[in-house]
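Trainee: Could you take me through one part of this model up close? I'd like to start with a single helix and then see what else is worth a look.

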Amino acid sequence: MSTPLNHSILKGFGILSLFSADRKEISAETVVARLGMSRATAHRFLMTLEHAGALRITRRGRFALGQKIEELGWLAGESGSLSIIVQPEIDLLSSTLNESVMACRLTRFGPTCVAVANSSRPISVNVSVGTLLPLHTTAQGKLWLSQMTSDERRARLAVTTIAGAKPAPVDLEPLEEDLKKTLRQGYALNLGENEPDIAALAVPVKDGKGKTRLTISVFGMLSRFNQEFLDTAKGLLIEASARVGDRL
């Protein structure tokens, strides 16, 4: 017995499929004419897609593709090529450091893992591709935050979560000095701030124009991240990020 399909989702994708190189905006009238919906149903679908970030209102009654679609398009087009570029480097780092290593990119909701090399240690910290990380308590997140203005940070930290819930308020004042230091030194640390027994060290990966495209981080049990390990890991991460950056 086949699984029943969700026809509301199919209708939503039908609306998104109306966009083309020659049709960058649509209206309820477009949906009615092309898909045969009633105007009330078309309007409800358009407003729902706008609420989800798949569409944005350009002017009264007109809709264009939204930020979420742009992000998904970027992810579909770039994540594959980014993974091909970065995976050999993080595999080597993980093997050399004997800890897990991952690469993240910044999405609407925070740093998201696009490639990972999990440690084979009996006791280790492992994540999977697609894992979403907090912005203000992780090494990866601190790198992105350190490159934003105060207003940009507040806006980022106020973004509604994937589940649709409002995030807990974040007091940025205690973070400011840490973020200034992060920007100045070019790397970030998380020493038990996100999870009590987990540590991470992250560096940015910049393209030829100096724009941060990714972060690469090593992470594992806090007890193993002594100063000697951090110094070694930092040097290797910086070297790897430069090699990846040269290929972006």
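Mentor: Sure, and keep in mind that this is a predicted model. Let's start with helix α1, residues 7-16, where the buried residues are G12, I15 and L16. Looking down the axis of α1, you'll find those buried residues within an arc of 100 degrees, so they line one face of the helix. Swing round to the other side of α1 and you meet H7 and F13, which are exposed. At the start of α1, there's also a contact to check: a side-chain oxygen of N6 comes to within 3.1 Å of the backbone nitrogen of S8.

Now for the sheet. It's an open one, built from 5 strands in the order β4-β3-β7-β6-β5, with antiparallel pairing. The edges belong to β4 (110-117) and β5 (188-191); each has a single partner strand, so one side of each has no neighbour in the sheet. On average, neighbouring strands here are turned by 25 degrees against each other, direction ignored.

Zoom in on the β5 edge: β5 pairs with β6 (residues 198-206) in the antiparallel sense over 4 bridges, and L189 has L201 in β6 as its bridge partner. Packing on this sheet is helix α8 (residues 227-246), which touches β5, β6 and β7 (212-221). The direction of α8 makes about 30 degrees with that of β6.

One last stop is the aromatics. The structure holds 1 aromatic pair: F225 and F229, tilted, at 4.7 Å centre to centre with 55 degrees between the planes. Both F225 and F229 are buried.

Definitions and conventions: Residues numbered from 1 in each chain as written. Predicted model: local features only at pLDDT ≥ 70, side-chain atom pairs only at ≥ 80, totals over all residues. Heavy atoms only, no water. Phe/Tyr/Trp six-rings, centres within 6.5 Å; stacked < 30°, edge-to-face > 60°. Buried < 20%, exposed > 50% of the residue type's maximum accessible area, 1.4 Å probe, protein only. Pairing = 2+ DSSP bridges. Helix = DSSP H or I, 4+ residues; strand = E, 2+ residues; numbered from the N terminus. Axes fitted to C-alpha atoms, helices over the stretch in contact; angles between N-to-C directions. Contact = heavy atoms within 4.5 Å. Arc of directions from axis to C-beta. Polar contact = N/O pair within 3.5 Å; in protein donor to acceptor, adjacent residues only side chain to side chain.
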